[in-house]
Amino acid sequence: MKLRLSILLTLTFIANISVAQIVNPVKWSFTQTQENDTTILLHYKAEIESGWHLYGTELPDGGPHPTTITYTTMDGAETAGTIEADRSATETYEPLFEQLLTWYSGEVTFTQKIRITSPRYKIEGYVRYMGCNDMTCLPPTTEEFLFTPQATEADDASANPSVENSQSGIPASWTPVTSAIKQMDNAVSTAGRPLWYIFIAGFIGGLIALVTPCVWPMIPLTVSYFIKQEGNRRRAIRKALLFGISIIAIYLALGLIITTLFGASTLNDLSTNAYFNIFFFLLLIIFAISFFGAFNLEFPASWTTRLDAKADAATGFLGIFLMAFTLALVSFSCTGPIIGTLLVEAATSGITTGPAVGMFAFALALAAPFTLFAIFPSAIRTMPKSGAWMNSVKIVLAFLELAFALKFLSVADLAYGWGILPRETFISLWVLIFALMGLYLLGAIRFKHDTPVQYLSVTRLFLAIIPLSFALYLVPGLWGAPLKSVSAFLPPVSTQDFNLHDIEAEAVFDDYDKAMTYAKEQGKPVFVDFSGYGCVNCRKMEAAVFTDSRVKELLDKKYVFVKLMVDDKRPMAEPMKVVENGKQKTLRTTGDKWSFLQRYKFGANAQPYYLLLSPSGEPLASPYGYNENIDAFVEFLQQGLQ
């Protein structure tokens, strides 16, 4: 049943490949009613879209996040009793969590009795909840509330008047212009990293996993088992096909778990969250050390022994599935680091279905040879024999893991402004890593489990040329060269202390309001760049387009250039309270502020996102997104000047 469900979900994901969108299936409203002179009732009403459900207030540990109501301020009041729902929750056993869970669909209202101890009471807090449907779950989401005496009404007002008043703190220059933007033609859409990128990366990862010492020797053994056991070639092919489908289902399930547990907004947050990026950095370092031969990452031997015994005892499809699961466990010491890197990259891409698509592609590449060699068994004789070359594959992968690890450390460093990994330091480390990789392939460096290289083969020579050439290519970047082919991975040029290549247009302002004030004084239009430290396409645009002489001249001389980082984690001196979709939110970081500005004033939430504004804040042209066509970008800038 689980396997059929996994295959069904796979087809659904592939049929609906799209860039993740922000969804909000649960709408909250907060009201209060007077019960008597000393008691009020606080009502928290959730309206849940069809097909979605909201988890209950009491769930067992280890499961999804329950609906909780937390009070941060309770002045002149105190709770009296527990929170009660206006109807009973639905109970169901959830196989994913292996727990009995409660949830609500449609509408539900939670009520809390409050005893008033002062006529001027103030009650603040937030509801934290988790909504799910049959395909995915939202990350735990927060909705803030505020209750005061003037908000007490017998009617069912959907929001507190005092909450709406907090919108007055928004500057006048933030007045929405979404209607004007929608009326403009020929808008260039903002493109995120496509799912095909993740699919291709996953497929390549599967091919690499094939040639590791844990998987390659298993191909002839497994195929021979099917052919010898059956004696019937047609039946052997059928079993090999089932074996391949089982491998795909097993690895796909891993991607589906990531997809189910995290929603689009959480995956986006992961891309710039310091703790997660540092965790990923350390994880990839551990993977690299393992591939270098210091230790093996593997499951306990008792697991594989017990599973192997069950596979031998089972018959039919169950036995084949258990064989595939045994292969997954046995090969984990080699495939684990590759899977880990792929899942990290897919999860932090911000696309909800990324992990599932990546794992499907990985498993497809991994499973294909087992099936193909069963159909064409004579082709097994053409396979290269196992040998020392497979350990060399692991060592090369270890160097690549080190290089990828630096990317995640860099994202955390940029988002929090630590300044520990500027561009020249990052490039220096990459030069060293890829130079060492080239020297290793030449046989100049040996590790513990390596076989001495008696002579240098032509294949090994050409393979060594690749990382050595790449290391040389990186060297000019130490003095500011744009390095366009790898710009998506490098820190921005603005972090470089020593730069001989002043060829990239750079922002003069990092504050929208200061830029608009300056634009009014100078009478110049404004170029607004909504960007992000974790935005891969933003780095590509900067390296491919902003380095063009025509673009640089226009941005430097004709526009006031302001860049706003929506994932800047630096805390604001004073939190900013706003109302969005009728709900109060507290903006605590600089990135929160600019992200809200982009949504509130311009009706967008993707990066990169470029705008041309008049000094009064009105749009001069359609917004421009990710498009590396330099002529089109120049035309966009000229259009604003006209």
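Setting aside neighbours within four places in sequence, Thr72 is in contact with Glu124, Gly125 and Tyr126. The model here is a predicted one, and this small set of contacts makes a handy way in. Thr72 belongs to strand S4, which covers residues 68-75. Thr72 and Gly125 sit 53 residues apart along the sequence, yet their C-alpha atoms are 4.8 Å apart in space. With a relative accessible area of 53%, Thr72 passes the 50% mark and so counts as exposed.

Stepping back to the whole chain, there are 20 helices and 17 strands. Of the 642 residues, 50% are buried. Looking at contacts between residues at least 6 apart in sequence, 75% of them join residues at least 24 apart.

How far the details can be trusted is the next topic. The chain has a mean pLDDT of 78, with 79% of its residues at 70 or more. Among the elements, the lowest mean pLDDT, 37, goes to helix H1 (residues 2-15), and the highest, 94, to helix H14 (residues 423-441). Residues 1-22 stay under 50 throughout, and the model gives this stretch 27 contacts beyond four places in sequence. Residues 186-193 are also below 50, with 23 contacts beyond near neighbours in sequence. Where pLDDT is low, the predicted coordinates should not be read in detail.

Helix H14, the element with the highest mean pLDDT, holds Arg423. Is Arg423 buried or exposed? Its relative accessible area is 2%, under the 20% limit, so Arg423 is buried. Not counting residues up to four places away in sequence, Arg423 touches a run of partners that includes Gly477, Gly480, Ala481, Pro482 and Leu483, as well as Leu490, Pro491, Pro492 and Val493. Thr495 and Gln496 are also on the list of residues that Arg423 touches.

Another pairing worth a look is that of helix H4 (residues 195-210) with helix H12 (residues 354-375), whose axes come within 7 Å and cross at roughly 35°. The crossing is right-handed. On the H4 side, the residues that meet H12 include Leu195, Ile198, Phe199, Gly202 and Phe203, while Gly354, Val357, Gly358, Phe360 and Phe362 are among those on the H12 side. Sorted by type, the residues of this contact come to 15 nonpolar, five polar and no charged.

Phe362 and Leu366, which are part of the H12 side of that contact, turn up again in the largest nonpolar core. This core has 68 residues, and those touching the most other members are Ile219, Ile247, Tyr251, Phe362, Leu366, Trp430 and Leu474. Helix H13 (residues 389-416) supplies the largest share, eleven residues. For Ile219, contacts outside four places in sequence are with Leu210, Pro369, Phe370, Phe373 and Met383; Leu210 and Pro369 also take part in the contact of H4 with H12. Apart from this core lies another, of 28 residues, with Ile170, Phe530, Val566 and Leu611 among them.

Finally, Glu635 is found in helix H20 (residues 630-641). At 58% relative accessibility, over the 50% cut-off, Glu635 counts as exposed. Val551 is 84 residues away from Glu635 in sequence, and the two C-alpha atoms are 9.8 Å apart in space.

Technical notes:
Residues are numbered from 1 along each chain as its sequence is written. This is a predicted model: local features need pLDDT of at least 70, side-chain atom pairs count only at pLDDT 80 or more; totals for chains, interfaces and linings use all residues. Side-chain values use heavy atoms; hydrogens and water are left out. Helices (H or I, at least four residues) and strands (E, at least two) are DSSP runs, numbered from the N terminus. Buried means under 20% relative accessible area, exposed over 50%, partly exposed in between (1.4 Å probe, protein chains only). Contact means heavy atoms within 4.5 Å. pLDDT is the predictor's confidence in each residue, from 0 to 100. Axes are lines fitted to C-alpha atoms, for helices over the stretch in contact, and angles run from 0 to 180 degrees between N-to-C directions. A crossing is left-handed if the near helix is turned anticlockwise from the far one by less than a right angle, and right-handed if clockwise. Ala, Val, Leu, Ile, Met, Phe, Trp, Tyr, Cys and Pro count as nonpolar, Asp, Glu, Lys and Arg as charged, and the others, Gly among them, as polar. A nonpolar core is a set of buried Ala, Val, Leu, Ile, Met, Phe, Trp, Tyr and Cys residues joined through side-chain atoms within 4.5 Å.
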